[in-house]
Amino acid sequence: MAVIILSVMLLLTSSTGFLGHLIGEDATRPPQAPNQVWYTLDNGLEIAVVPIVSLLPPSRQRVTIITFWETGAHNDPAGSAGRSKLAAHLIPLCKAGDRAARSYQQWQDAHGGRAEIRAGSRHCWIVEPVSPTKLLDTIVELGARFGELEIVAADMTKIRQWFDSQKRTGKQGDLDRLAGKLLDRLDPLQSGPRDRVDLDKLSIDEMRRFIDRAFKPVNTRIVIVGPFDPGPVVHAVKKRLSLLAGGKALVKPPVAVPAPGAVNPFAAMDPDHGMVARGWRVPALGTIEALSLGFFIPRARRALQQGHGDCIWDPFLDPEVLILHQEVFGNENFQPKSIEEAISRIDATINFAISAPVEGGDYEGARKSIGIRLGAYRVHEEVSMIDPLPVAEVTLLRRIYKMKEAELQNNFGRNALRQLQQLQEKYLVQEKAVSGTIVPSGIKAEKSSTHPGQR
């Protein structure tokens, strides 16, 4: 036992330099291995190499690789809705160079079922866990993706079918529809409503042209995190990826202008349940204003979840949108039995999340979850030594949003109630809200004339 403890302590000591510079890395500092995290190649590609300790046996260890692509739904013009999302799913599958094309299922199986695509409004994340023994081969594969990809009809069809298989039904499907309608008003797309995507209209030639033009080193960042020797990895990165043509940077789409108010109510797929929701735009990640979300969101979730409601905030897909929703007409205890009661529940939740005294439990909850993504805390070693994904995520978030670690840490929780009040006064106001209602299919939607946000 003493030998095991000593070994772990030595491993932790060897990784301290990397973890200590994981957050708030100064990109202007000259390279000083092994403490350097980010490398900017001459072609514009930015790569983070973060070796960390794993407590898992070698057969279960994984390295997380995230390819962050500076494109999303806002980059899709009218007539090409869903183009960026489809492209992000195609890129890991298509044949490139000597690498054979893979089916979607083969790709999932090869990565242990954890590989995923996160396609958001402005960014796409390609998240892939690989075995440390295959890491150098994977770097070669990453380089091949920036070449000419062979896009075939079979891959397009499989991905479309996979999209269809992911559509949820019942209460979860209702939530997806309602949240989508609110998102369309809070963050409208030039390609139109999010529920009108027709992927069959996107041809192979169009997808090939888009990927060849847009998926370039200058538009991407790559993070590699896990149990590996950094020397060979950094060497492989520079050898394989520095010679790629940088490409032309994508034009950043304009910031969308919200359209506050209430969306038209509609009937639920679930005949026995309804739903009420209200959403706002909130401060951008990396700002001091956003720190108040570290208290507001967990408290709102606690208040709503006992009645089968929740607070939706996704730092990866739509970080500047916040939505509260409350189920209604259900048979569970604490569930509202009318639209008006559900609206009152949301009002009370906001009041509680803003005004309740900030206690030790609020800080503890933020320290382990949302506060990490806001830049106020670091990923804890008991998490990172089992799963490198959270470290990879926050490494990217801190880079993308230029988070200043010391400033955010010093201001998190300072005058917390005042920060929450400022969040409400500037962002969570009635005139900036978008709201919506779903009624059970047995009740006519037009009977509900009171919508959240109109009281």
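In the predicted model, the protein chain contains 16 helices and 14 strands. Of the 455 residues in this chain, 53% are buried, and the chain exposes about 20,800 Å², of which carbon and sulfur atoms supply 53%. When contacts between residues at least 6 apart in sequence are considered, 78% of them join residues that are at least 24 apart.

The helix α16, which spans residues 416–426, offers an example of how buried positions can be arranged, since Ala416, Gln419, Leu420 and Leu423 are its buried residues. Viewed down the axis of α16, these buried residues fall within an arc of 100 degrees, and they therefore line one face of the helix. This arrangement can be read against the general geometry of an α-helix, which has 3.6 residues a turn, so that residues three or four places apart point the same way. The buried residues of α16 pack against four helices, namely α9 (293–305), α10 (339–355), α11 (360–368) and α15 (405–411).

In soluble globular proteins, nonpolar side chains tend to be buried together. In the present model, the largest nonpolar core comprises 60 residues, and those with the most contacts inside it are Trp125, Phe296, Trp313, Leu322, Leu324 and Leu428. Apart from this core lies another one, of 45 residues, which includes Ile139, Leu142, Ile151 and Val237. When neighbours within four places in sequence are left aside, Trp125 is in contact with residues that include Ile66, Thr67 and Phe68, as well as Glu116, Ile117 and Arg118. Further contacts of Trp125 are made with Phe316, Glu393, Leu396, Leu397 and Ile400.

Notes:
Residues are numbered from 1 along each chain as its sequence is written. This is a predicted model: local features need pLDDT of at least 70, side-chain atom pairs count only at pLDDT 80 or more; totals for chains, interfaces and linings use all residues. Side-chain values use heavy atoms; hydrogens and water are left out. Helices (H or I, at least four residues) and strands (E, at least two) are DSSP runs, numbered from the N terminus. Buried means under 20% relative accessible area, exposed over 50%, partly exposed in between (1.4 Å probe, protein chains only). Contact means heavy atoms within 4.5 Å. Accessible areas come from the Shrake-Rupley method with a 1.4 Å probe; for residues, only the protein chains shown count as cover. The arc is that of the directions from the helix axis to the C-beta atoms. A nonpolar core is a set of buried Ala, Val, Leu, Ile, Met, Phe, Trp, Tyr and Cys residues joined through side-chain atoms within 4.5 Å.
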